[in-house]
Amino acid sequence: MRDKLAALTRPRRLLVAAGALLLLAGALLAGQNLLTERRAARQTADLLAAVETRIAAPADLPAPEVTGDPWAGYEVIGVVGLPDLGLSLPVLADYTQDLLAVAPCRYTDDLALEPGQLVVAGHNYRTHFGRLGELAPGSRITWQNLDGVTYTYTVTEVTEIDAGDREALEQGDWDLTLFTCDVTRTRRILVRAALET
């Protein structure tokens, strides 16, 4: 009888040990993701502070040089504001995976910096574009260029497309698109907005 109990207990112990290892691996992965998101939030805040200092400089004076600024090498093209989400984020000129870890990026080089068909991509970090799906038609988005001129947009559509569907991303009549991947990375959440006139 004791041998039968031992024989039944061994597979259970192995399953429990395997389950514990899987839980530990999941916890480590979640911890790594949280650290990455926190680092991105700090980098974005530092970069935004430097950009706001530059925008606030009097127009007749050259933009102030920030010595020792670790983000001085990033080319920022403007600041996107999402008041409903309590976010204001610098937008980088180039789109790469490494740059997305710092701040949202202009998705394509051939689209306008001023009102027009501007597409901005951001990671789905909560401190970046992770809450885009919470916006709704009628929500406001602001775009401030480096000269301090602010444009206001009204959200017209919040939708999802397949992650690889670039044509759906770029087609349509819109002035501003913000997008991010969903948590599965198989879909993209798109926010389309029209310039207020």
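Residues under 20% relative accessible area are termed buried, those over 50% exposed, and those in between partly exposed. The structure on display is a predicted model, and the tour below moves from an aromatic cluster to a strand and then to a pocket.

**First stop: the aromatic cluster**

Select Tyr95, which has a relative accessibility of 30% and therefore counts as partly exposed. The model holds two aromatic pairs. One of them joins Tyr95 to Tyr107 in an edge-to-face arrangement, with 4.9 Å from centre to centre and 80° between the planes. Tyr95 belongs to the loop between β2 (87-92) and α2, whereas Tyr107 belongs to the loop between β3 (105-106) and β4, so the pair ties together parts that are twelve residues apart in sequence.

Keep Tyr107 selected; its relative accessibility is 13%, so this residue counts as buried. Now add Phe179, with which Tyr107 forms an aromatic pair that is also edge-to-face, at 4.9 Å centre to centre and with 90° between the planes. Here distant parts of the chain are linked, since Tyr107 sits in the loop between β3 and β4 and Phe179 in strand β7, 72 residues apart. Tyr107 and Phe179 are both buried. With Tyr95, Tyr107 and Phe179 shown together, the display contains one aromatic cluster.

**Second stop: strand β7**

From Phe179, extend the selection to the whole of β7 (176-181). Is this strand enclosed or open? Of the six residues of β7, five are buried, so the strand is largely enclosed by the rest of the structure.

Next, show the strands that pair with β7. Strand β4 (residues 118-121) runs parallel to β7 and is joined to it by four bridges. Within that pairing, Ala121 has Phe179 of β7 as its bridge partner. Strand β8 (residues 187-195) runs antiparallel to β7, and six bridges join the two. Cys181 is found opposite Arg188 in β8. Follow the chain from β7 into β8 to see a hairpin with five residues between the strands; in its turn, Arg185 has a positive phi of about 65°.

**Third stop: the largest pocket**

Turn to the largest pocket, which contains about 500 Å³ of space. Its lining comprises 17 residues, and those closest to the centre are His123, Asn124, Tyr125, Cys181 and Arg185. Two or more lining residues come from each of α1 (2-56), α2 (97-100) and β7. Colouring the lining by residue class gives seven nonpolar, seven polar and three charged residues.

Now centre the view on His123, in the loop between β4 and β5. With a relative accessible area of 19%, His123 is buried. Which residues is His123 in contact with, leaving aside its neighbours within four places in sequence? They are Gln97, Leu100, Ala101, His128, Phe129, Gly130 and Thr180.

**Last stop: Gly148**

Finally, select Gly148 in the loop between β5 (140-145) and β6 (150-162). Its relative accessible area is 30%, so Gly148 is partly exposed. Add Ile55 and draw a distance between the C-alpha atoms of the two residues: the separation is 5.5 Å, although Gly148 and Ile55 are 93 residues apart along the chain.

Methods
Residues numbered from 1 in each chain as written. Predicted model: local features only at pLDDT ≥ 70, side-chain atom pairs only at ≥ 80, totals over all residues. Heavy atoms only, no water. 1 Å grid on protein atoms, 1.4 Å probe; cavity = no way out; pocket = protein on both sides within 12 Å on 5 of 7 lines; lining within 4 Å. Points joined across faces, edges and corners; volume = space filled by probe spheres on them. Nonpolar A, V, L, I, M, F, W, Y, C, P; charged D, E, K, R; others polar. Buried < 20%, exposed > 50% of the residue type's maximum accessible area, 1.4 Å probe, protein only. Pairing = 2+ DSSP bridges. Phe/Tyr/Trp six-rings, centres within 6.5 Å; stacked < 30°, edge-to-face > 60°. Contact = heavy atoms within 4.5 Å.
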